[in-house]
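User: Could you take a close look at one part of this model for me? I would like to hear about the aromatic pairing and the strands around it.

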Amino acid sequence: YAPNRVETQEPPAPKPEPKLLKRGSAAPAASSEAAAVGAAGGAAPAQRTVHISDYAWADDGLHVKVYLSVPGVRREAVQCEFRDDAVDFAAEGLPDGTRRVLALRRLYDHIHPPGCSCKVLESKGKVVLALAKPPRSTTFDAVKDWRTLTLACGAERIDVADPFASHQQKSFDGMMAGLPPLPAKSAARPH
């Protein structure tokens, strides 16, 4: 542990020599050529693309905010594209040599692209995407609450009006399973 280092009279351990474990086909030559081209001022070598899957979101009234953690992000290296039902985000040239992307498709509701924004907090390594909800026709119109950020993909159909209705019905049916049936109603009521 570095803070508990004790000085001794022994000489430092020798640095290990790198050893080639396996020689591949033409791939190392191609990467060394790409590095030589990058050093000479040509095109830089390709970056590894990482898809962002860990993010947070919140419905904030007139906006839906998406919070991303992107260490080493810079304002000039960020690209955001907002469409009516999709969002594309990309951050290039990160210190770890990766390109981070986020593609949100089939949003819960439509957004208003001219009102959307992308705020980069370089010192914290965070990005906040503010997705503007469609403008209301009058000030008395209710703002639609988002129950989820994107709609599920797959064969099942989600009812946008109430995506939890089938789950609620299954829960109710499960609760009622162990109860005895109600007595049948009779036509005449005794007094």
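Analyst: Happy to; here is the aromatic pair, followed by the strands. Please keep in mind that this is a predicted model.

The count comes to one aromatic pair. A pair of aromatic rings is described by the distance of the centres and the angle of the planes. For Tyr 108 and Trp 146 the ring centres are 6.1 Å apart and the planes meet at 50 degrees, so this pair is tilted; planes count as edge-to-face only when over 60 degrees apart, and as stacked when under 30. Tyr 108 sits in the loop between β6 and β7 (117-121), while Trp 146 sits in the loop between β8 (126-132) and α2 (165-176), so the pair ties together parts that are 38 residues apart in sequence. Both Tyr 108 and Trp 146 are buried.

Now to β6 itself. This strand belongs to an open sheet of four strands in the order β1-β6-β5-β4, where the pairing is mixed. At the edges are β1 (48-51) and β4 (78-83), each of which pairs on one side only. From one strand to the next, the twist averages 15 degrees. Within this sheet, β5 (residues 86-91) runs antiparallel to β6 (residues 98-105), and six bridges link the two. One of the residues involved is Ala 86, whose bridge partner in β6 is Arg 105.

There is also a hairpin to look at. Strands β2 (residues 55-60) and β3 (residues 63-69) pair in the antiparallel sense over six bridges, with Asp 59 bridged to Val 64 in β3. Two residues lie between the strands of this hairpin, and Gly 61 takes a positive phi near 80 degrees.

Methods:
Residues are numbered from 1 along each chain as its sequence is written. This is a predicted model: local features need pLDDT of at least 70, side-chain atom pairs count only at pLDDT 80 or more; totals for chains, interfaces and linings use all residues. Side-chain values use heavy atoms; hydrogens and water are left out. Two strands pair if DSSP finds at least two bridges between them. Axes are lines fitted to C-alpha atoms, for helices over the stretch in contact, and angles run from 0 to 180 degrees between N-to-C directions. Rings of Phe, Tyr and Trp (its six-membered ring) pair if their centres lie within 6.5 Å; planes under 30 degrees apart count as stacked, over 60 as edge-to-face and the rest as tilted. Buried means under 20% relative accessible area, exposed over 50%, partly exposed in between (1.4 Å probe, protein chains only).
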